[in-house]
Amino acid sequence: YGAPGVEFMGLHEENNTVMQIHFIPDQCQLVTLLDDNSLHLWSLKQHSGASELREEHRFTLKGPPGSPPSATQITAVLPHSSRDVLYLGTESGNIFIVELPSFRVLEDRTITSEAVLQRVPEDYCNRRSCELVEALREHPKNPDQILIGYSRGLIVLWDLQNNKVTHHFLGSQQLENLYWQRDGSKFISCHYDGSYTQWPVSSDNRQPEPLENLVPYGQLASSPSSIPGFSSLLSHHLLTSCLQHPTETVGEDYQCWEQAEHSLLEYGMAALNVRVLSSSFQVLVMELNDEDAEHVVDHAEADLLQDQEGYRWKGHEKLKTRDGPVRFEAGFQPFVLVQCQPPAVVTSLALHSEWKLVAFGTSHGFGLFDHQQKRLVFVKCTLHPSDQLALEGPLSRVKSLKKSLRQSFRRIRRSRVSSRKRRGGSGNASEVQEANAKFDQDALQEMELAPVQRKIEARSAEDSFTGFVRTLYFADTFLRDSSRHCPSLWAGTNGGTVYAFCLRVPPAERRMDEPVRAEQAKEIQLMHRAPIVGILVLDGRSTPLPEPLEVAHDLSKSPDMQGSHQLLVVSEEQFKVFTLPKVSSKLKLKLTALEGCRVRKVTVANFGSCKTDDYTENDLAVLTNLGDIQIISLPFLKLQIRYPCIRKEDVSGIASCVFTKYGQGFYLISPSEFERFSLSTKWLVEPRCIVD
């Protein structure tokens with residue numbers, strides 16, 4: 001399991017929330033718990049050449065007549081390794097045992113809270129009742145013992161053969177979960193305040209004391225994987241916290257950083273051994289190491305303003321780095337840190353694993369860093385002299401936006417009052433109030449719809465954030481002349497400008513001795529100045545240049561370097577193809593001005609035939625601000641088909657949408673749910689998998 005395309009789907013008849021899912025060991029079965037307290041047993045069955053999840057039984061735990069609903073409200077489920085029974089913890093503190101697959105309750109084996117409390121110290125029982133069962137865990141070495149955790153913090157080890165408590169552990173914090181160490185000598189209890197505690201399980205019956213109390217990772221504390229013998233599995237939230245606030249490499253400005261606007265941009269790794277992360281104004285380059293290591297994290301600074309006169313940053317200061325070596329656990333380990341100055345949000349990243357280069361962009365410009373020599377190659381400032389908002393920092397920008405909106409409303413309202421006075425008319429109070437209310441509504445609608453309905457027209461170079469770097473792209477192509485190709489870096493800005501730099505990367509034998517050099521070769525300014533959202537180079541076969549790592553591992557064909565190359569520039573409002581190296585316009589496709597479409601996401605997708613493996617084609621998959629997806633052919637930019645996909649009002653869904661390289665996609669329909677779709681007839685969303 002876990003391989004791409006291996007998936008199975010089951011649908012409950014009830015329209016209830018799935019609260020828990022548990023696998024029955026070695027049975028191709030699982031149990032689901034719904035929020036109506038019903039249990040459902042599912043089995044993988046073969047049908048029409050594919051395996052599918054089928055519901056075998058359903059069951060609702062019922063208590064004795066007159067008992068409250070909490071007596072049988074299931075809070076924890078443990079499928080036993082014997083595959084014969086389920087242990088069901090409830091709000092009442094009782095644990096019921098049901099037989100599989102019949103769901104018959106084995107009443108004579110119920111573990112009552114009274115039986116558990118007989119072994120617990122009396123003063124503890126008086127202070128704290130068992131309350132609900134929060135966690136059930138089978139001993140990894142002894143299936144006749146289970147660990148029972150109650151919400152108030154009491155934990156007991158229960159002997160199933162003798163029906164008694166063998167050990168009890170008195171916690172002081174509300175319990176959330178329990179996890180065994182593999183050898184069964186220790187376990188961890190996780191608590192509501194974010195802390196977790198190690199408990200030893202001795203062979204005698206001595207009352208154990210906690211080995212170590214640990215506070216949450218991120219408050220200058222031990223990491224989860226530093227606890228011996230436990231698997232380190234970080235949740236998304238914990239991983240984000242560790243990477244956005246790397247307490248190992250920054251000093252005392254943690255709180256300031258936390259309050260500042262920050263973002264985490266993770267570039268889909270171009271190589272398995274290097275990852276680039278951007279946290280706020282920092283770029284962190286990490287290597288994969290399967291052993292613990294202690295080393296100094298090298299530090300470099302990229303001054304994007306280049307001491308130009310007339311620019312003054314009004315936002316927060318950069319973070320201070322820590323001197324000296326730092327110990328890192330096995331996994332991705334940072335080895336170099338690049339700090340941008342001014343310390344603004346990093347807006348774009350690109351990594352070329354073969355050339356050992358990383359490019360980064362902010363609202364002030366972009367730079368190129370050689371992470372093999374740990375040296376800054378160059379920086380380029382893209383600020384327009386009139387773009388003061390980009391220098392105010394995130395908090396000031398919010399205030400400026402609110403202020404400008406208020407001023408705009410006041411000007412429009414004054415203009416409306418003045419025009420009414422010139423007409424010599426003034427209605428009664430109710431009419432004026434009604435008119436003002438209608439005006440406010442119309443003004444808001446106009447503000448919301450204006451970007452959608454406006455036609456494609458040239459923007460002023462003095463618009464705010466024109467220097468905002470939206471996209472970065474590496475390509476080995478013909479930039480200076482048609483006889484020699486060379487490495488290059490391309491950057492697109494919010495103001496419709498494309499910069500192209502020729503790069504000289506020394507050969508492998510002299511890579512550490514000679515510096516990487518860069519020289520600006522081209523600059524393209526789109527007439528309508530719309531934001532650049534994508535840059536792509538097509539080879540002599542009009543095929544997008546493949547990822548270099550895929551070519552090195554024979555996962556993609558080598559690009560055609562004999563024929564002439566073409567440059568595709570995608571802005572929010574049009575697609576334009578240029579010839580290389582002259583950069584002369586060849587053809588373009590404008591999005592429909594009347595509908596007001598604007599490109600939000602664009603990627604190259606490979607579409608294969610569902611009838612033969614001999615035919616594939618590369619097209620552009622485009623998501624617009626209206627929520628529809630358009631497939632556009634390459635290199636002729638012909639609209640193939642349009643699908644309505646996401647509601648245009650669903651801003652978060654459109655912003656979260658991502659495409660795969662084979663024409664599938666995902667977007668969030670809630671903070672914890674995503675929708676999957678496919679644009680390809682070869683790769684269907686419907687799962688067609690078989691389990692023997």
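Here are some worked exercises on salt bridges, one loop residue and the nonpolar cores of this model.

The model is predicted, so local features need pLDDT of at least 70 and side-chain atom pairs count only at pLDDT 80 or more, while totals for chains, interfaces and linings use all residues. Residues are numbered from 1 along each chain as its sequence is written, and side-chain values use heavy atoms, with hydrogens and water left out.

**Exercise 1. Find what D298 pairs with, and place both partners in the chain.**

Step 1: Start with the cut-off. A salt bridge here is a side-chain nitrogen of Lys or Arg within 4 Å of a carboxyl oxygen of Asp or Glu. Searching the whole structure turns up 22 salt bridges.

Step 2: Check the pair. D298 bridges to K374, with the closest N and O atoms 2.8 Å apart.

Step 3: Place the partners. D298 sits in strand β21 (residues 298–303), and K374 is in the loop between β26 (365–370) and β27 (375–381), so to speak a link between distant parts of the chain, 76 residues apart. Helices (H or I, at least four residues) and strands (E, at least two) are DSSP runs, numbered from the N terminus.

Step 4: Look at exposure. Buried means under 20% relative accessible area, exposed over 50%, and partly exposed in between (1.4 Å probe, protein chains only). D298 is at 30% and K374 at 37%, so each counts as partly exposed.

**Exercise 2. Work out whether R470 and E572 are buried or partly exposed, and what their salt bridge ties together.**

Step 1: Get the distance. The closest N and O atoms of R470 and E572 are 3.6 Å apart, and the two form a salt bridge.

Step 2: Locate the ends. R470 lies in strand β28 (residues 469–477) and E572 in the loop between β33 (566–571) and β34 (574–579), so the bridge ties together parts 102 residues apart in sequence.

Step 3: Read the accessibility. R470 has a relative accessible area of 27% and is partly exposed, whereas E572, at 6%, is buried.

**Exercise 3. Describe the surroundings of D35.**

Step 1: Find the residue. D35 is in the loop between β2 (29–34) and β3 (38–47). Its relative accessibility is 40%, so it counts as partly exposed.

Step 2: List the contacts (heavy atoms within 4.5 Å). Setting aside neighbours within four places in sequence, D35 touches N16, T17 and M19.

Step 3: Zoom in on N16. The C-alpha atoms of D35 and N16 are separated by 6.2 Å, with their positions 19 residues apart along the chain. Their side chains make a polar contact at 2.9 Å. That term covers a pair of N or O atoms within 3.5 Å; within protein, one must be able to donate a hydrogen and the other to accept it, and residues adjacent in sequence count only if both atoms are side-chain atoms.

**Exercise 4. Say where the largest nonpolar core lies.**

Step 1: Define it. A nonpolar core is a set of buried Ala, Val, Leu, Ile, Met, Phe, Trp, Tyr and Cys residues joined through side-chain atoms within 4.5 Å.

Step 2: Look inside. The largest core has 35 residues, and those with the most contacts inside it include Y473, W490 and L620. Strand β32 gives the most, with six residues.

Step 3: Bring in the domains, whose bounds come from an automatic or database domain assignment. Domain 2 (262–309 + 324–388 + 458–589) and domain 3 (594–691) both give residues to this core, so it lies between them.
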